[in-house]
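Hello,

Here is the structure I said I would pass on. My notes follow below it.

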Amino acid sequence: MIQSPRVRFAAFVLASIASLLPSCASGDAGMDRSDARPNILIIYGDDVGYADVSAYGGEIRTPNIDALAADGRLFTRAHASSATCTPSRYSLLTGRYPFRNDRAEILPGDAPLLIEPGSLTLPSHLASNGYETAVVGKWHLGLGEGAIDWNHEVKPGPLEIGFGMSYLIPATNDRVPCVYLDGHHVENLDPADPLRVSYEEKIGDWATGTENPDACRYPADRQHSGTIVNGISRIGWQDGGASALWVDEAMADRFTGRAIEFIEQREAADEPWFLFFSLHQPHVPRLPNQRFLGTSGFGLRGDAIVEADWCVGQLTAALDRLGAREDTLVIFTSDNGPVMNDGYNDGALRDRGTHDPSGRYRGGKYTLWEGGTRVPFIVNWPGTVGSGTSDALICQVDLLATLGRVGGAPLSAGARRSTDSLDLADALVGQRGAGRRELVTQGVGGLAIQDDTWKYIAPNPARASFGRGHWSVQKHEGSGNPLGSPAIGAGASLFDLTGDPAEADDVAADHPAIAARMRARLEAILAREGTAP
Ligand code: NG6
Ligand code: CA
């Protein structure tokens, strides 16, 4: 195989990384940036659980994701920063723990942009080092500055925080507006049919799930009973913009096509690129393309995962076709743990059979249990990152510092200290370096801290607000327990993750000194502006 100049320098990148450690504080990678920068492709699942990928032992077959693991590195202790989407994405892009921003919670579809334009982000940092950057897929980080007029320029947004190209759904696939945003503009909008959105009250005269439940393809809870689009009632109300409406079943093809177009253009220009490919599967509503229906054997949720796996296969095939595979660092991971029933009765729970999407771990999306944040994380860079498994503790918050380094642009000490992002390049792409010593994770209304042995879950007054019907409740707590998070109405919990990875035995009462030490660590981290050295 003929190797491009960037491939030939890949070994040099590794050597540079190795020679730098442990002095991550260095501001100079000591390498020829123009030659050594790999392309970076982050494929970000939406609610893909730890064991939703067959490489992690799950029952749903995901051959394309598994192929990344087969000649890449599979991490067993990788976490999203949070058990929900917006905070995890915020953290991945800014390198800051989400609790540092009061607004970093699940956002409505008309929320203002969460990330300050012009601030340090993963895309802005890579862009300033010569990368062409793009985001394609689910956004859910807010847009504009409040009171968005969808009929004109919608900004600030991704283009103002470091992405050079963006093609998105504004929030989630269960939230209005059900349209694509191409750069600053809603795609295919007819000015004669202006688009309006509300999260306060019904607007316009489009059918809603509340008034017309029979018009829906499957039943929804009260929250998901707003405007009906494509036979599915959504969260919020939309009026107008009929020509711009998405078709859920075509979304995977649409996103994959746009992503491949970007890659082709950048490869033709022979410039390093960064693509944040943000899948919408298997988040509700699960409406995979017809060609995936029935293919998983595990109902609609399984089929949506098979569709996501197909997207991964399309992207890697494009890289192969363009001869870019060995120039490209691919990461597959997910924004939070799995959920079965998340507002629609689509049969996911019934059809899951024996498939357990969080595997041996307790809980799922929303919860502080491991199932909430411990997610698949596979790093693939053929010819550079060897194959194998790593149990280094890593978090998506670390990608800013880590990928900055891999991309030839380590963060300056000043920039790094305003973040929580640790440079774990050696663990990610080098010779099995160490992971973090401790990590804070966030669930709905609460925080936990873990190290190599212990996990401390802080007392959480907001727990009681999380309701019945959540899959993790059904899975682990029995139907009598209305709470999705640990330790009902109680104080702190402590688990020995080494001996009890399923978090079955709360040993806080047996180890008060350890619990107190962990709590003090957590409080110290909360009090600081950032934790990176
Ligand atoms: C919740 C929605 C849920 C899902 C979630 C966001 C209700 C009752 N539930 O508020 O269906 O949309 O937000 O998921 O409205 S996430 O993966 O983007 O965080
Ligand atoms: Ca999610």
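Asp-46 is a convenient place to start: this residue is buried, because its relative accessible area is 0%, under the 20% that sets the limit for that word. Please keep in mind that the model is predicted.

The calcium site

Asp-46 is one of the residues that coordinate the calcium ion (ligand 2). The others named at this site are Asp-47, Asp-335 and Asn-336; Asp-335 is listed twice, and the distances run from 2.2 to 2.7 Å. Along the chain, the donors of the calcium ion follow the spacing D-D-x287-D-N. The site links distant parts of the chain: Asp-46 is in the loop between strand 1 (39–45) and helix 4 (63–70), while Asn-336 is in the loop between strand 13 (328–334) and helix 9 (348–351), 290 residues apart. Asn-336 also counts as buried, because its relative accessibility is 0%.

What is the arrangement of the six donor atoms around the calcium ion (ligand 2)? The angles they subtend go from 52 to 168°, so the arrangement is irregular. For reference, ideal angles for six octahedral donors are 90 or 180 degrees.

Asp-47 and ligand 1

Asp-47 appears at both ligands. Besides its place among the calcium donors, its side chain has an N or O atom 3.1 Å from an oxygen atom of ligand 1. Asp-47 is in the loop between strand 1 and helix 4 and counts as buried, at 1% relative accessibility. Its phi is positive, about 75°, although Asp-47 is not a glycine.

Two further side chains have an N or O atom at a listed distance from an oxygen atom of ligand 1: Asp-174 at 2.7 Å and Gln-223 at 3.3 Å. The protein covers 85% of the 460 Å² of accessible area that ligand 1 has on its own.

How many residues surround ligand 1? There are 19, and the closest are Asp-174, Arg-175, His-224, Asp-342 and Lys-365. By type, the shell around ligand 1 divides into eight charged, seven polar and four nonpolar residues.

His-224 has a further contact. Its backbone oxygen is reached at 2.7 Å by the side chain of Ser-233. Ser-233 is in strand 10 (residues 232–233) and counts as buried, with a relative accessibility of 1%.

Backbone details

There are two cis peptide bonds to note. One joins Lys-155 and Pro-156, with omega about 5°; Pro-156 lies in the loop between strand 4 (132–138) and strand 5 (165–169). Another joins Val-284 and Pro-285, with omega about -10°; Pro-285 is in the loop between strand 12 (273–278) and helix 8 (299–321).

Asp-270 is a residue other than glycine with a positive phi, near 50°. It lies in the loop between helix 7 (251–269) and strand 12. Is Asp-270 buried or exposed? Asp-270 is exposed, because its relative accessible area is 53%, and the word applies to values over 50%.

One more residue

Lys-455 is in strand 19 (residues 454–457). This lysine is buried, with a relative accessible area of 0%. Its C-alpha atom is separated by 9.4 Å from that of Leu-439, and the two residues are 16 residues apart along the chain.

Regards

Notes. Residues numbered from 1 in each chain as written. Chains lettered and ligands numbered in written order. Predicted model: local features only at pLDDT ≥ 70, side-chain atom pairs only at ≥ 80, totals over all residues. Heavy atoms only, no water. Near = heavy atom within 4 Å. Polar contact = N/O pair within 3.5 Å; in protein donor to acceptor, adjacent residues only side chain to side chain. Areas by Shrake-Rupley, 256 points an atom, 1.4 Å probe, with all protein chains shown as cover. Nonpolar A, V, L, I, M, F, W, Y, C, P; charged D, E, K, R; others polar. Donors = N, O, S within 2.8 Å, 3.2 Å for Na, K, Ca; no water. Tetrahedral: all angles 85-135°; square planar, octahedral: opposite > 155°, others 65-115°. Helix = DSSP H or I, 4+ residues; strand = E, 2+ residues; numbered from the N terminus. Buried < 20%, exposed > 50% of the residue type's maximum accessible area, 1.4 Å probe, protein only.
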